[in-house]
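Dear colleague,

I am handing over the structure we spoke about, and I would be glad if you looked through it alongside the notes that follow.

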Amino acid sequence: MIPARFAPIVFGFILSGLMTFVVTFIATVRVLALSDGFVGQWLQSWIASWVIAFPLVLVMAPLTRRIVARLVRQDNAI
């Protein structure tokens with residue numbers, strides 16, 4: 001098991017991986033359809049996107065949390 005202090009990094013790793021997996025699939029299928037070589041091209045696009053998305057998620061997460069905190073009313077009602 002991974003220590004809890006690494007949870008934000010693990011979260012960003014998994015989230016960026018899943019999101020880029022889906023988005024690159026959609027973009028690649030729109031350009032190439034399900035033609036020969038589709039899977040290879042898609043996986044190349046996915047890895048290239050993930051390499052950029054993972055550190056970007058880690059950098060942008062604190063800013064996003066601050067923006068959300070300003071947009072959401074803080075109350076204790078459930």
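To begin with helix 1, which covers residues 7–32: at 1.5 Å a residue its 26 residues should span 38 Å, and since its end C-alpha atoms lie 37 Å apart, the expected and computed values agree. Please keep in mind throughout that this is a predicted model.

The buried residues of this helix are Gly12, Ser16, Gly17, Thr20, Thr24 and Thr28. The spacing of such a set can be read against the general rule that an α-helix has 3.6 residues a turn, so residues three or four places apart point the same way. What covers the buried residues of helix 1 includes helix 2, residues 38–71.

As to how the two helices are arranged, the axes of helix 1 and helix 2 come within 7 Å and cross at roughly 145 degrees, and the crossing is right-handed. Sorted by class, the contact of helix 1 with helix 2 has 15 nonpolar and 9 polar residues, and no charged ones.

The residue that follows helix 1 is alanine 33, which is placed in the loop between helix 1 and helix 2. Its phi is positive, near 55 degrees, in a residue other than glycine. That may deserve your attention because most residues other than glycine have a negative phi. As for its surroundings, alanine 33 has a relative accessibility of 41%, and therefore counts as partly exposed, given that this class lies between the cut-offs of 20% and 50%.

With best regards

Note on methods
Residues numbered from 1 in each chain as written. Predicted model: local features only at pLDDT ≥ 70, side-chain atom pairs only at ≥ 80, totals over all residues. Heavy atoms only, no water. Helix = DSSP H or I, 4+ residues; strand = E, 2+ residues; numbered from the N terminus. Expected span 1.5 Å × (residues − 1). Buried < 20%, exposed > 50% of the residue type's maximum accessible area, 1.4 Å probe, protein only. Contact = heavy atoms within 4.5 Å. Axes fitted to C-alpha atoms, helices over the stretch in contact; angles between N-to-C directions. Left-handed = near helix turned anticlockwise from the far one by under 90°. Nonpolar A, V, L, I, M, F, W, Y, C, P; charged D, E, K, R; others polar.
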